[in-house]
Amino acid sequence: RLVFSSGSSNSGNSGALFVGSGSVGGGRGGMVSISVGSGTSGSGGAVSVLSGRSTVTTGGALSVHSGEGEGTASTSGSIVIRSANSGASGSSGMLVFSTGTSNAGNSGGLIIGSGAATGGRGGMVTISAGSGTSGTGGALSLLSGRSTVHTGGSMSIESGEGTSTSSGVIAVRSANSGATGASGRLVFSSGSAVDGNSGALYLGSGAAAGGRGGMMSISVGSG
């Protein structure tokens, strides 16, 4: 095996390890590639990137950044995290984005979002499940946190604010059915209560200061 490592230290910082390519004045910067071997009768080699552990303070951070596009017409680099396609049988690999558990404090937050744009449109965020050709399509589940001693976590879905124009639309709908079958059901319901009031359900439009209040329409399909 090959080992690239700095030495340990008893009363100071251990040495740093740098892997990189040099800069270039009139061409493309050199690529850095880290790959492991494939396996023909066993699993392929694993790649593990771990930041440092600490017994007295915060553990080491792990940062993955794409390259900055300097200049007025340059785009920053993409970051792609994906599992490979499966073979003739089997499943594609799972992706897990999760914070660790906590014993005596808050667990870490998970933030997924796009950056702000000063001269264009804000970046889109899309979360979708895969389709199925011989089984059901993948499910998409959004759950807020459970609590054994306090109120469970809230879930908020809001459209974007338009400071000088209309706010964004929120559309909740099931897809159309195929040649046979029914379109999916929509259920808006509060949970049951064992020893107290069950949750209320509110449907309404907002107030209007200089115009007409929003309309509410409930209709059923024609046959």
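Accessible area is computed by the Shrake-Rupley method with a 1.4 Å probe. I started my notes there, since surface was my opening topic. The model I am reading is a predicted one.

**Surface.** I looked up how much area the protein chain exposes. The value is about 21,300 Å². Carbon and sulfur atoms supply 49% of that exposed area. Next I asked what share of the 223 residues is buried. The answer is 0%.

**Secondary structure.** I looked for helices and strands in the protein chain. I noted zero helices and zero strands.

**Overall form.** I checked the radius of gyration of the protein chain, which is 26 Å. A compact globule of 223 residues would have a value near 17 Å. I then looked up the span of the C-alpha trace along its principal axes. The trace covers about 70 × 50 × 50 Å.

**Contacts.** I took the contacts between residues at least 6 apart in sequence. Of these, 0% join residues at least 24 apart.

**Charges.** I found 9 positive and 5 negative charges in the protein chain. Their mean positions lie 15 Å apart.

**One residue, Gly-138.** Is Gly-138 buried, exposed or partly exposed? Its relative accessibility is 43%. Gly-138 counts as partly exposed because this value falls between the 20% and 50% cut-offs. I also looked up which residues Gly-138 touches, leaving aside neighbours within four places in sequence. Gly-138 is in contact with Ala-129 and Gly-130. Last, I checked Ser-128, which sits 10 residues from Gly-138 along the chain. The C-alpha atoms of Ser-128 and Gly-138 are separated by 8.7 Å.

Terms used. Residues numbered from 1 in each chain as written. Predicted model: local features only at pLDDT ≥ 70, side-chain atom pairs only at ≥ 80, totals over all residues. Heavy atoms only, no water. Helix = DSSP H or I, 4+ residues; strand = E, 2+ residues; numbered from the N terminus. Rg over C-alpha atoms; globule rule 2.2 N^0.38 Å. Buried < 20%, exposed > 50% of the residue type's maximum accessible area, 1.4 Å probe, protein only. Contact = heavy atoms within 4.5 Å. Lys, Arg positive; Asp, Glu negative; His and termini not counted. Charge placed at Lys NZ, Arg CZ, Asp CG, Glu CD.
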